[in-house]
Amino acid sequence: MDKIDRVKKVVCYVTKMTEKELLSKSRKRHIVDNRRMAFVICRDILELNWTKIAKEFNLAIKLLGNKNADRIINRISVKEKKFFENSI
């Protein structure tokens, strides 16, 4: 089992959801938040790039010119900024 699979399993265990739900295309708030948590863990702790994370989570993201990739990166950046501003 590789590290990303372990992250998926831990996030599913902690949030009490199935891996199928985590990897689904659902936009329900709790699923999106849990998915985002897995993305941040993969990026910050495992130090993976967005392309590798997208492949592992079956996201249809192209490197150049895809608005979805930009939205994901921007959303996470905005959330991090708000988190750090509130924690000071």
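Visitor: In what order do the elements of the protein run from the N terminus on?
Guide: This is a predicted model, so let's simply walk along the chain as drawn. The protein has five helices and zero strands. From the N terminus on, the elements read α-α-α-α-α.

Visitor: What share of the 88 residues counts as buried?
Guide: To count as buried, a residue needs a relative accessible area under 20%. The accessible surface of the protein comes to about 6,900 Å², with 56% of that belonging to carbon and sulfur atoms. Of the 88 residues, the buried share is 25%.

Visitor: Among contacts between residues at least 6 apart in sequence, what share joins residues at least 24 apart?
Guide: A contact here takes heavy atoms within 4.5 Å. Take the contacts in the protein between residues at least 6 apart in sequence, and the share joining residues at least 24 apart is 41%.

Visitor: Is N34 buried or exposed?
Guide: N34 is found in helix α3, residues 29–44. Leaving aside neighbours within four places in sequence, N34 is in contact with V11, T15, M17 and L22. The relative accessible area of N34 is 11% and the cut-off is under 20%, so N34 is buried.

Visitor: Which residues form a nonpolar patch on the surface together with V14?
Guide: V14 has its place in helix α1, residues 3–15. With a relative accessible area of 55%, V14 is exposed, because that value is over 50%. The patch has about 360 Å² of accessible area together, and V14 shares it with V10 and Y13.

Visitor: How many salt bridges are there?
Guide: Side chains of opposite charge can pair when their charged atoms come close. The cut-off is a side-chain nitrogen of Lys or Arg within 4 Å of a carboxyl oxygen of Asp or Glu. By this rule the count of salt bridges comes to six.

Visitor: Which residue forms a salt bridge with E19?
Guide: The closest N and O atoms of this pair are 3.5 Å apart, so they fall within the 4 Å cut-off. The pair links distant parts of the chain, ten residues apart, with E19 in helix α2 (residues 19–22) and its partner in helix α1. E19 is partly exposed at 27% relative accessible area, and the partner is partly exposed too, at 43%. That partner is K9.

Visitor: What separates D33 and R29 along helix α3?
Guide: D33 forms a salt bridge with R29, and the closest N and O atoms are 3.3 Å apart. D33 counts as partly exposed at 32% relative accessibility, whereas R29 is exposed at 51%. Because D33 and R29 are four residues apart in helix α3, what separates them is about one helical turn.

Visitor: Is R43, which forms a salt bridge with D44, buried or exposed?
Guide: The closest N and O atoms of D44 and R43 are 3.0 Å apart. D44 is partly exposed, with a relative accessible area of 42%. R43 has a relative accessible area of 18%, under the 20% cut-off, so R43 is buried.

Visitor: And which residues do salt bridges that share partners join into one network?
Guide: One link is the salt bridge between D33 and R29. Salt bridges that share partners make one network of R29, D33 and R36.

Visitor: What distance separates the C-alpha atoms of W50 and V40?
Guide: W50 has its place in helix α4, residues 50–56, and is partly exposed at 23% relative accessible area. W50 and V40 are ten residues apart along the chain, and their C-alpha atoms are separated by 10.0 Å.

Notes. Residues are numbered from 1 along each chain as its sequence is written. This is a predicted model: local features need pLDDT of at least 70, side-chain atom pairs count only at pLDDT 80 or more; totals for chains, interfaces and linings use all residues. Side-chain values use heavy atoms; hydrogens and water are left out. Patches are made of residues with over 30% relative accessible area and no salt bridge: like charges are joined within 9 Å, nonpolar side chains (Val, Leu, Ile, Met, Phe, Trp, Tyr) within 5 Å. Accessible areas come from the Shrake-Rupley method with a 1.4 Å probe; for residues, only the protein chains shown count as cover. Helices (H or I, at least four residues) and strands (E, at least two) are DSSP runs, numbered from the N terminus. Buried means under 20% relative accessible area, exposed over 50%, partly exposed in between (1.4 Å probe, protein chains only).
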